[in-house]
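Here is a short report for a newcomer. It goes from one sheet to the two chains and then to the place where they meet.

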Amino acid sequence: MNSKISAFQFYSIMLLTRLLTTLTYTPKYTEEITVSDMILQTLFRFVFGIIIFIPVFMLNKKYGVDNQKGNGAFGKIKAVIFTAVFFYFSVSTLSRLELFAGTVIFPETDVKFLLLLVILFCAYGAYLGLESIGRSAVLFVTPVLLSLIVIGLALVKRIDWLNLSPLFYNGVLPVAKTALNAVGRTVEYAVIAVSLPFITGNAKKGFFIWMGVQTFITAVIFFFVGTVLGEFNKMQLFPVYTIASMAQFSFFRGLGAIITGAWILCAFLKISLLIFLQAKLISEAFGVKKITVIAVSGVLLAAVCLFISGNVDRFNIVDTSFVKFILILVSVPILAIAELIKERVAKCAKQQ
Amino acid sequence: MKNWYKEKVDEITVPNKDTEEKVPVKDTVSENIKYLKSKLTPSFDVKYRKCEVDGIEFGFVMLDGMCDNELINEQIMIPILHGNYNGLDGEKVLETASNIISGSIDKSVQNELNTSIREMLSGNLLMFVDGSSRAVLFGVQKFPKRSVTEPDSETQERGSKEGFSESFMDNVALLRRRIRTPVLKTEIIEVGATSKTRICIAYLSDRVNEETLISVKKRLKESNLDVCLGSGYLEPFLGSRRASLFSGVGSTERPDVLTAKLSEGKIGIITDGTPYALFIPHIFTEYFHSLDDYLKKPYYAFAIRTLKIAAFFIGIFLPGLYVAVCTFHQEVIPETMIFDICLQESFVPLPVMIEALIMHMVFEIVKEAGLRMPRSIGNAVSIVGALVIGDAAVSAGLVAAPMLIVIGLTAISSFVIPSLYDASSLLRVVLIIVGGISGFYGIMLVFAAVVLNMASISPYGVPFTSPLSPTKAGAWRDLIFRADWRQLGKKRLQTDRLDK
C-alpha cells in the first residue's frame with residue numbers, strides 16, 4: 001500500500017473519475033446557460049481549475065511533495081478535513097449511482113442490495129491499494145474511451161446544428177458561475193493534492209495534460225448532449241444516458257448499456273480510490289490500521305447511503321454544489337496556503 | 001473463530017519435519033547392512049549382496065526394478081570381482097574398486113548412511129567395503145518410464161513434437177539439447193519431508209534476475225510439504241500470496257516453450273515425476289501466445305491471437321451477458337432477434353439465469369465424465385451429452401435453443417486457451433448469477449473487481465498485467481501483433497524490465 005504509481009497511471013484514474021462526473025451530470029447544474037454556453041463553460045473550468053491549484057503547486061515547488069504529508073496537529077487536521085471531503089464525495093457518487101440504478105436500470109426493484117455490493121467491492125479495491133487501482137485504470141481507459149467514441153459516431157447523424165445558440169446568450173456571469181460550480185464538484189483536485197507524494201514522474205505536466213484531455217472530452221460530450229437533445233436536455237435526469245440510449249450502431253441499438261458499463265467501471269475506481277485515500281490519511285495521521293479504516297469507512301458509507309436511498313430530499317442535500325464547492329475550496333487552496341504560511345513561519349523561527 | 005479452526009486442524013495433523021539424523025558410515029559391511037535392514041525392512045525389493053575378494057568383504061545394496069542389472073553385472077561386478085586388492089587397507093580398496101569402474105558410470109562417495117539410503121532408493125547401487133568408513137554410489141538407474149511423446153495439452157501445428165515426460169533427467173536433457181551454452185544453469189533441490197522430490201531450477205545466468213532467483217529458492221526451501229507429487233504442489237508457494245484466480249506462475253509441457261521463457265530471463269522449475277514444468281514470472285498476456293505464433297507469418301499470428309482473445313471473452317462473458325440481456329436489457333438486441341429469443345424462452349418454465357446455470361452444470365458434468373472415463377466411453381458420453389440430451393431438452397421445452405447455442409459456443413471458446421479454463425469456468429458461473437440479479441451493472445462490477453485483483457498480482461516485482469499496465473510500449477512488438485523475426489530477433493525481451 002505504500003507503493004508509488006506513475007503519473008500516467010494516476011492521471012488515468014483521474015480521467016476516469018472525472019469522466020464519471022461528466023457522464024452522470026444532471027441538468028440542474030447547467031440550467032442557467034444555453035447549449036453553446038454549456039460547451040464553452042468547459043474552458044472556464046479549465047482556467048478555474050488551474051487557479052485553484054496554484055497554491056498546491058507553490059507548496060510543492062518550495063518544500064517538495066513529501067511536505068504534503070504533514071505531521072503534528074496540522075497534519076491531523078489536514079487528514080481529517082481531506083477524509084471528510086473524500087467521504088462526502090463517496091456518498092455523493094454512490095447516491096448518484098443508486099439514483100441511476102433505481103430509476104433507469106431497475107425502476108421496479110429495490111437497489112439497496114446492489115448498493116451494498118458496490119461498497120463491498122470498492123472496499124476490496126481500496127484494500128488492494130493504489131498500485132492496483134492505477135494499473136486497472138490504465139486497462140479501463142481504452143475500452144471506456146472507445147465505447148464513448150462508438151456512441152459518438154453512432155450519434156453523428158442525430159446532430160442538429162440549429163440547437164446551438166449564440167455564445168454568452170445569457171451573459172458571461174451564468175457561464176462563469178456554472179463553471180465554478182463544476183470546479184466545486186471536482187474532487188479530483190483534492191485527490192491530486194493529497195496524492196502528489198505517491199506519484200512518480202512529472203506530476204505537474206501530467207496535471208496540465210489531464211486538464212486538457214478532460215476538458216476536451218467534457219466539451220465533446222456536452223456538444224453531443226446539446227446538439228442532439230437541444231434544450232430538451234434540461235428535461236432529462238441523465239442526459240448522457242439519454243443520448244446513448246438513442247444511439248444506433250449497425251444492428252445494435254440502445255447503446256445506453258455501454259454507458260452503464262463505463263459508468264460502473266469509473267464509479268468502482270473512484271470509490272475504491274476515495275476509500276483508499278481515507279485509509280491512507282487516517283492511518284498515517286493517527287496510526288490506525290488501514291484495513292480497520294477501510295472497514296469502518298465501508299460500514300459508514302453503507303449506513304449513510306442506505307439512509308439517503310430512495311429519498312430525493314436527502315439526496316439533494318448530499319448533492320448540493322455549494323457544499324462541495326466549499327469543501328474543495330477549503331481542502332485544496334486554503335489548506336495549501338495555510339501550510340505555506342506554516343512552513344514560512346517555521347523557517348523564519350529556525351533562522352532566528 | 002480462527003483459533004478454534006486452528007485447534008481443530010492441529011488435532012488431526014502433525015507438522016512436516018525432516019526426522020533424518022546424521023549416521024556415519026561404519027567400517028564393517030555387516031554393520032552397515034544391519035543398519036540398512038533396520039531402516040528398510042520389510043521391503044522385498046531391496047536386494048543385499050555380500051562377496052569376498054582377496055579376503056576383503058564387499059557389500060552391495062540396490063533396489064530391484066530401479067537399476068540396470070546388465071550394467072551392474074558387466075560394468076561393475078565383473079571389474080570389481082576381478083580386481084587385485086592384496087595388501088591394501090579398506091580405504092584404498094574402496095578407491096581402487098571405484099576407480100576401475102568405467103568412467104561412463106556416475107560415482108559419488110558418501111560418509112553418511114541416511115543420505116546413502118536416499119540415493120540408493122533413487123536407483124543407485126550402494127557399495128560398502130570392510131575397513132572403510134565411506135560408501136560409494138554408482139549411477140545405474142533404469143526404471144520403467146514413458147518415452148518422450150507429443151504433449152497432449154499444448155499441441156502445435158509446426159512446433160516440435162517433443163514434450164516433457166515424468167523422467168526428471170530426460171526433461172533436463174530436453175532443455176539442455178535446446179540451449180547449448182554454459183550459461184544454462186540447473187540447480188537441484190529437494191522438496192517434501194517424506195517424498196524428497198527432486199526439483200530442478202533452470203535459468204540462464206547471464207539474464208536471470210538475481211533477486212527473483214534467490215526468492216524462488218527461498219520459497220521452495222520453505223515449502224513445508226510432506227510429499228510433492230507434481231508441479232501443482234509448488235505453485236501456491238511460488239505464486240502470488242493474494243487470493244486470486246490467477247497465480248503469476250506459468251506451466252508448460254513443452255521444452256521449446258520453456259526454452260523460450262528462459263531466454264527472456266525467466267526461471268524454469270522442473271519437478272521429478274511430472275511432465276509439467278513451471279516458469280516464473282508469468283504475465284497474463286502470455287496465455288494468448290503459443291509457439292505456432294512464432295513459426296508462422298506475423299499477420300497470421302495477429303489473427304490467431306485476436307481470435308484467442310475474442311474466444312476468451314466469449315468464454316467468460318457470453319452466458320452472463322445473454323442472461324443480463326434477456327432479463328434486463330432487451331433494448332440492445334435488434335427487434336427481429338428479440339422476438340425469436342422471447343418466443344423460445346417463453347416455452348421454458350425456468351428463469352433464464354437458472355436455465356443457464358443448469359445448462360452450464362450439465363456441460364461441466366459431461367466434460368468431467370468425458371475426461372475421467374476411459375477414452376472410448378468418454379467419446380460416447382460426449383455424444384450422448386451434446387446431441388441426445390441437448391436435442392431432447394430443446395424438444396421437451398426444458399431449454400431454449402438460443403441458450404443451447406450460447407452454452408455450446410461458450411464451451412468451445414473456453415477450450416481455446418486450456419490453461420485459463422479453470423479461471424474462466426468459475427468466472428462464468430459468477431457472471432451468470434450477477435447478470436441474472438443485476439444485469440450489466442453487476443457484470444461490470446465483477447469484471448472491474450477481477451481486473452483489479454489481476455492488477456494486484458506481482459509476486460516477483462513483474463506485474464501480472466504488464467506490459468498492458470504498467471504500459472511498456474517496447475513490449476508491444478510481441479503482444480497482440482507480433483513483429484517480424486527480422487525485428488523481433490534483434491533484441492530479446494528481458495522480463496524483469498516489465499516491472500512497476
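Two strands pair if DSSP finds at least two bridges between them. With that in mind, look at chain B of this predicted model. B:Thr252 stands opposite B:Ala277, a residue of β10(B). Three bridges join β8(B) to β10(B), residues 277-280, and the two strands run antiparallel.

**The sheet in chain B**

This pair belongs to an open sheet of five strands. Their order is β6-β7-β9-β10-β8 (chain B), with antiparallel pairing. Which strands are at the edges? They are β6(B), residues 184-191, and β8(B), residues 250-252. Each of them pairs on one side only. From one strand to the next, the twist averages 25°.

Helices join in. α7(B), residues 210-222, packs on the sheet. α7(B) touches β6, β7 (197-204), β9 (267-271) and β10 of chain B. The direction of α7(B) makes about 175° with that of β7(B). Another helix, α9(B), covers residues 255-263. α9(B) lies across β7, β8, β9 and β10 of chain B. It runs at about 50° to β7(B).

**The two chains**

The table sets out each chain as a whole.

| Chain | Residues | Helices and strands | Radius of gyration | Span of C-alpha trace | Buried residues |
|---|---|---|---|---|---|
| A | 352 | 13 helices, four strands | 20 Å | about 70 × 45 × 35 Å | 51% |
| B | 500 | 17 helices, ten strands | 29 Å | about 105 × 55 × 50 Å | 37% |

Chain A has 13 helices and four strands. Its radius of gyration is close to the 20 Å that the globule rule gives for 352 residues, so chain A is as compact as a globular protein of that length. For chain B, a compact globule of 500 residues would have a radius near 23 Å, but the chain has 29 Å.

Contacts along the sequence add to the picture. In chain A, take the contacts with a separation of 6 or more: residues 24 or more positions apart account for 84% of them. In chain B, 67% of contacts between residues at least 6 apart join residues at least 24 apart.

**Where the chains meet**

How many residues of chain A are in contact with chain B? There are 29, and they contact 24 residues of chain B. Several elements of chain A each supply at least two residues to this side, among them α1 (7-23), α3 (72-105) and α10 (256-286). α4(A) gives the most, with seven residues. By class, this side of chain A has 18 nonpolar, nine polar and two charged residues.

Key: Residues are numbered from 1 along each chain as its sequence is written. Chains are lettered from A and ligands numbered from 1 in the order in which they are written. This is a predicted model: local features need pLDDT of at least 70, side-chain atom pairs count only at pLDDT 80 or more; totals for chains, interfaces and linings use all residues. The radius of gyration is taken over C-alpha atoms; the globule rule is 2.2 Å times the number of residues to the power 0.38. A residue is buried if 20 or more other C-beta atoms lie within 10 Å of its own, exposed if 12 or fewer, and partly exposed in between; C-beta atoms are placed from the backbone. Two residues are in contact if their C-beta atoms, placed from the backbone, lie within 7 Å. Ala, Val, Leu, Ile, Met, Phe, Trp, Tyr, Cys and Pro count as nonpolar, Asp, Glu, Lys and Arg as charged, and the others, Gly among them, as polar. Axes are lines fitted to C-alpha atoms, for helices over the stretch in contact, and angles run from 0 to 180 degrees between N-to-C directions.
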